[in-house]
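Biologist: I would like a close look at one part of this chain, namely the charged pairs and what surrounds them. Please take me through it in one connected account, residue by residue.

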Amino acid sequence: LLPEAGDRSELSSSSRVPPNRSADRSIKMVKKKGKSKRTTLKQKYKIERRVKEHHRKLGKEARRKRRAGVEVPQRKKRDPGIPNAWPHKASLLEEIARAREKMEARKASKKQRPVEREAKAAEKSAVASEADEASRRTARAYGRDVARVVERSDVILEVLDARDPTGSRSRKVEASVAAPKRLVL
């Protein structure tokens with residue numbers, strides 16, 4: 001007892017059957033997401049450790065070659081240059097050339113500095129010997145001043161550091177104090 005072909009629209013509207021959604025899915029396919037790039041911490045630290053170890057090995061090898069006298073070329077970052085469409089390209093290139101000349105001049109002056117340093121070191125050693133002599137003189141003068149103060153005073157007050165009292169005591173001053181005078185610590 002099915003209705004005729006013309007009556008099918010009546011059947012679907014009267015029975016209220018939900019539309020077929022499987023047909024919509026076949027038309028619109030959902031793109032699958034790619035594999036997640038998340039990694040475990042174990043894997044992350046393993047990679048970090050391997051990279052660090054690799055860099056250490058490269059450094060060791062470079063040092064070994066330097067000691068052997070083999071010159072190791074350092075990788076320099078390649079300059080991409082200046083595009084031709086860049087405004088004021090010529091003036092910019094001139095500035096770069098001047099900067100290079102300055103750098104070369106600095107490098108040359110750095111090479112001359114060790115000779116100057118040796119000369120300055122010799123001068124400093126002469127000045128240091130004079131300073132040592134002067135400090136000896138001032139130490140003697142200080143000792144004389146302390147002796148005069150001890151002679152003139154009746155009571156000597158010695159201030160000690162509570163953190164290190166034995167280290168902050170002056171045995172020479174205590175020995176120079178005579179019997180009638182008092183020493184207060």
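Modeller: Arg163 counts as exposed in this predicted model, because its relative accessible area is 74%, and the cut-off for that class is over 50%. This arginine forms a salt bridge with Asp161, in which the closest N and O atoms are 3.2 Å apart. Its partner falls into another class, since Asp161 has a relative accessibility of 30% and therefore counts as partly exposed.

The pair belongs to a set of six salt bridges in the count for this model. Another of them links Asp145 with Arg148, and here the closest N and O atoms lie 3.3 Å apart. These two residues are three apart in helix α4, so that about one helical turn separates them. Asp145 is partly exposed, with a relative accessible area of 39%, and Arg148 is likewise partly exposed, with a value of 44%.

A further salt bridge brings together the side chains of Arg171 and Glu174, with 3.9 Å from N to O, a distance that still falls within the 4 Å cut-off. Arg171 and Glu174 sit in helix α6, which covers residues 171-176, and because they are three residues apart there, about one helical turn lies between them. Through shared partners, salt bridges join Arg169, Arg171 and Glu174 into one network. Glu174 itself counts as buried, because its relative accessibility is 16% and the limit for that class is under 20%. Buried residues make up 4% of the 185 residues in the protein chain.

Another buried residue is Ser153, for which the relative accessibility is 17%. This serine lies in the loop between α4 and β1, the latter being residues 155-157. Its side chain reaches the backbone oxygen of Val149 at 3.0 Å, and a polar atom of that side chain also lies 3.5 Å from the backbone oxygen of Val150.

Beyond that loop, strand β1 contains Leu157, which is exposed, with a relative accessible area of 62%. Leu157 takes part in a nonpolar surface patch together with Val155, Val159 and Val184, and the accessible area of these four residues comes to about 390 Å² together.

Turning back to charge, the surface also carries a positive patch, made up of Lys76, Arg98, Lys102, Arg106, Lys107, Lys110, Lys111, Arg113, Arg117, Lys120 and Lys124. Within this patch, Lys111 has its place in helix α4, which runs over residues 89-152, and this lysine is exposed, with a relative accessible area of 69%. Patch members are by rule free of salt bridges, so the lysines and arginines of the patch are to be kept apart from the arginines described above, such as Arg148, which is paired with Asp145.

To place these sites in the overall chain, the protein has six helices and two strands, and along the sequence they follow the pattern α-α-α-α-β-α-α-β. Helix α4 holds both Lys111 of the positive patch and the Asp145 and Arg148 pair, while Ser153 lies in the loop that leads from α4 to β1.

Note on methods. Residues are numbered from 1 along each chain as its sequence is written. This is a predicted model: local features need pLDDT of at least 70, side-chain atom pairs count only at pLDDT 80 or more; totals for chains, interfaces and linings use all residues. Side-chain values use heavy atoms; hydrogens and water are left out. Patches are made of residues with over 30% relative accessible area and no salt bridge: like charges are joined within 9 Å, nonpolar side chains (Val, Leu, Ile, Met, Phe, Trp, Tyr) within 5 Å. Accessible areas come from the Shrake-Rupley method with a 1.4 Å probe; for residues, only the protein chains shown count as cover. Lys and Arg count as positive and Asp and Glu as negative; His and the chain ends are not counted. The place of a charge is taken as NZ of Lys, CZ of Arg, CG of Asp or CD of Glu. Helices (H or I, at least four residues) and strands (E, at least two) are DSSP runs, numbered from the N terminus. Buried means under 20% relative accessible area, exposed over 50%, partly exposed in between (1.4 Å probe, protein chains only). A polar contact is a pair of N or O atoms within 3.5 Å; within protein, one must be able to donate a hydrogen and the other to accept it, and residues adjacent in sequence count only if both atoms are side-chain atoms.
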